[in-house]
Amino acid sequence: MTPPSSNSAKPVYLDANATEPLRPSARAALLKGLEVEGNPASVHAPGRQARALLEEARTRLAQAFGREADSVVFTSGGTEADSLAVHALGAVHGRRVILGATEHAALHGAARAEKVPTEILPVDRAGRPDSARLREMLGGGPPALVCVMAANNETGVVSPLAEIAAISRETGAQLHVDAVQAAGRLPWGSRDWNAEVLREASLAVSGHKMGGVMGAGALILPRDRPLMPLLPGGGQERGRRGGTPALPALLAMVAALEESRAQDWQAIAGMRDELQARAVAAGALVAGVSAEEGVGEAATERLPNTLSLILPGVSGQTQLMLLDLAGFAVSAGSACSSGKVTSSPVLEAMGYGAQAGQAIRVSLPWNVQPGEVQAFGQAYVEMAQRLRARQPASSAGPGRDTGA
């Protein structure tokens with residue numbers, strides 16, 4: 001395998017689900033925010049200018065999800081937004097927490113920190129939460145906070161949110177949706193994203209996942225309501241989250257969301273599907289998609305940019321090393337694992353067994369070029385052919401690793 005260009009040492013970046021490259025509109029908004037001298041909490045003219053920009057950003061973010069401005073609580077990112085939801089919507093009200101088996105570590109960590117009773121909602125082979133099982137779990141017992149991802153960060157598989165929201169409403173449960181990966185990449189105003197029942201859910205979003213900068217996020221509430229904060233601070237965010245808001249990063253987040261919503265995601269989905277077809281032909285499996293489904297409209301709904309590839313018999317770490325040497329930056333799953341390459345808990349929950357440690361995630365960024373995807377496809381095919389050729393015939397089954 002050779003890098004796509006021998007004249008450039010810069011790798012081809014295909015790890016957008018870890019963080020998207022900075023969008024032009026976000027850069028402009030960031031610079032505008034950096035020029036503001038005032039603190040939004042100050043009453044003098046520079047402070048009022050900063051406050052006006054902050055509230056404009058709040059209104060624009062709320063409108064993107066069909067909410068009122070007062071429903072937005074700005075945070076430092078998706079992890080804090082998820083933690084605030086578990087704390088203020090779950091633990092404070094004595095609710096048990098029901099977590100989807102493939103939920104982000106932020107939610108599992110928040111539930112442990114709050115020491116709330118926690119139950120795990122199983123998922124099907126595609127990674128979608130089991131709606132029938134959820135109804136059973138909510139059929140009795142204490143009030144619950146149900147936490148599900150809008151779309152999985154590793155496989156891109158989209159959850160049946162409207163159905164889950166309807167079950168939550170019928171049983172009196174509060175629904176919290178981790179929309180960190182879905183925000184901007186899926187059309188919130190269409191399909192089940194526009195279901196009225198979803199207006200009763202809280203949402204977590206993160207700026208850098210949309211092409212903003214790190215350090216900005218939000219918890220979007222179903223309606224304006226008081227919350228017991230995790231960070232009391234000086235009473236900012238109407239007492240719901242203390243600390244001076246990161247105005248430049250928040251402005252960049254909103255600009256990135258709006259630009260992301262205008263993205264031609266169909267074009268990116270087309271590149272993903274072409275890459276998927278080449279990888280499957282080289283012997284790869286696609287997590288969350290059955291061999292019968294293939295690609296296109298009939299396939300499991302996924303984020304348009306995300307592809308989880310399993311190369312049977314070859315560890316994800318081996319694949320990452322070889323692809324990195326070839327000039328391509330991909331990952332083996334969530335970026336929130338302290339740089340470790342381990343077996344994916346998401347794929348384990350989906351029933352992939354030993355193959356959960358044989359996967360890589362390819363997530364195409366907003367500015368990806370067709371030639372970059374084609375070059376990666378060629379490198380992946382060459383890698384797969386070389387490594388699989390080294391496998392003894394008796395070790396072709398899952399769970400065996402050829403090594404580097």
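How many residues apart do Phe376 and Tyr380 lie in helix H11? In this predicted model, Phe376 and Tyr380 lie four residues apart, both within helix H11, which is about one turn of the helix. This report begins with confidence, goes on to the two sheets and the helices across them, and then returns to the aromatic residues.

**Confidence**

The protein has a mean pLDDT of 89, and 88% of its residues reach 70 or more. Over residues 293-298, however, the pLDDT is below 50, and this stretch has ten contacts in the model beyond near neighbours in sequence. The pLDDT is also below 50 over residues 394-404, a stretch that has 22 contacts in the model beyond near neighbours in sequence.

**The sheet of seven strands**

One open sheet holds seven strands in the order S2-S8-S7-S6-S5-S3-S4, and its pairing is mixed. Its edges are formed by strand S2 (72-75) and strand S4 (118-121), each of which pairs on one side only, while the twist from one strand to the next averages 20°. Within this sheet, strand S6 (residues 174-178) pairs with strand S7 (residues 202-206) in the parallel sense, over three bridges, and His176 has Ser202 in S7 as its bridge partner.

Two helices lie across strands of this sheet. Helix H3 (residues 78-90) lies across S2, strand S3 (96-100), strand S5 (144-149), S6, S7 and strand S8 (217-220), and runs at about 160° to S7. Helix H4 (residues 105-114) lies across S3, S4, S5 and S6, running at about 160° to S3.

**The sheet of three strands**

Another open sheet consists of three strands in the order S9-S10-S12, with antiparallel pairing. Strand S9 (285-286) and strand S12 (359-363) are its edge strands, and each pairs on one side only. S9 and strand S10 (residues 306-310) pair in the antiparallel sense over two bridges, with Val286 standing opposite Leu309 in S10. Helix H8 (residues 265-281) lies across S9, S10 and S12, and runs at about 5° to S10.

**Aromatic residues**

The structure holds two aromatic pairs, which are set out in the table.

| Pair | Arrangement | Centre to centre | Angle between the planes |
|---|---|---|---|
| Phe328 and Phe376 | edge-to-face | 5.5 Å | 75° |
| Phe376 and Tyr380 | tilted | 6.1 Å | 40° |

The pair of Phe328 and Phe376 links distant parts of the chain, for Phe328 lies in strand S11 (residues 328-329) and Phe376 in helix H11 (residues 370-389), 48 residues apart. Through such ring pairs, Phe328, Phe376 and Tyr380 are linked into a cluster.

Are these residues buried or exposed? Phe328 counts as buried because its relative accessibility is 1%, a value that falls under the 20% cut-off. Phe376 has a relative accessible area of 0% and is therefore buried, and Tyr380 is buried as well.

A further ring is met by a charge: the charged end of Arg125 sits over the ring of Tyr352, at 3.9 Å from its centre.

Technical notes:
Residues are numbered from 1 along each chain as its sequence is written. This is a predicted model: local features need pLDDT of at least 70, side-chain atom pairs count only at pLDDT 80 or more; totals for chains, interfaces and linings use all residues. Side-chain values use heavy atoms; hydrogens and water are left out. pLDDT is the predictor's confidence in each residue, from 0 to 100. Contact means heavy atoms within 4.5 Å. Rings of Phe, Tyr and Trp (its six-membered ring) pair if their centres lie within 6.5 Å; planes under 30 degrees apart count as stacked, over 60 as edge-to-face and the rest as tilted. Buried means under 20% relative accessible area, exposed over 50%, partly exposed in between (1.4 Å probe, protein chains only). A charge sits over a ring if NZ of Lys or CZ of Arg is within 6 Å of the ring centre and within 35 degrees of the ring normal. Two strands pair if DSSP finds at least two bridges between them. Axes are lines fitted to C-alpha atoms, for helices over the stretch in contact, and angles run from 0 to 180 degrees between N-to-C directions.
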